[in-house]
Amino acid sequence: VQLQASGGGLVQAGGSLRLSCAASGRTFSSRAMGWFRQAPGKEREFVAATSRSGSSPNYADSVKGRFTISRDNAKNTVSLQMNSLKPEDTAVYYCAAGPLYGSSQSRYDYWGQGTQVTVSS
């Protein structure tokens, strides 16, 4: 599985961005998908995950109620709608695919290249 993330950019606090991750390969629908982020000087952290069917989204407490993860298995894509963005959301965002659903990075074995999100105050 190859993953290509896009949609990052510069936005003011309170604004919105939509990240997309396009996956190649026939096994997309059999894999859980997740979004992680890494801010400068910090470790990469979990943001959101969705199960194979998309029926069980899971979110980090810091983004709950503001971010929404969704997937389209027919188009091999997973998206992250980010609303009410805050400066502390500034990070490189990575999409990931794996056999196991959850918030641990060890559950994912394929990673995209990352897309930069910068939120100005």
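Strands, as the word is used here, are DSSP runs of at least two residues in state E, numbered from the N terminus. In this predicted model, one place to begin is the segment in which strand β7, residues 67-72, is followed by a loop and then by strand β8, residues 77-82.

The two strands run antiparallel and are joined by six bridges. Together β7 and β8 form a hairpin, with four residues between them. One of the pairings can be located by residue: Arg71 has Val78 in β8 as its bridge partner. Arg71 also belongs to the covered face of β7, together with Phe67 and Ile69. The uncovered face of β7 consists of Thr68, Ser70 and Asp72.

The turn of the hairpin contains Asn76, a residue of the loop between β7 and β8. Its backbone merits attention: the phi of Asn76 is near 55 degrees, a positive value in a residue other than glycine. Is Asn76 buried or exposed? Asn76 has a relative accessibility of 19% and therefore counts as buried, because the cut-off for that class is under 20%.

Beyond β8, the chain offers a further case of positive phi. Ser84 lies in the loop between β8 and β9, the latter spanning residues 91-98. Although Ser84 is not a glycine, its phi is positive, at about 50 degrees. The relative accessibility of Ser84 is 42%, so this residue counts as partly exposed, the class that lies between the 20% and 50% limits. Thus Asn76 in the hairpin turn is buried, whereas Ser84 in the loop after β8 is partly exposed.

Terms used. Residues are numbered from 1 along each chain as its sequence is written. This is a predicted model: local features need pLDDT of at least 70, side-chain atom pairs count only at pLDDT 80 or more; totals for chains, interfaces and linings use all residues. Side-chain values use heavy atoms; hydrogens and water are left out. Buried means under 20% relative accessible area, exposed over 50%, partly exposed in between (1.4 Å probe, protein chains only). Two strands pair if DSSP finds at least two bridges between them.
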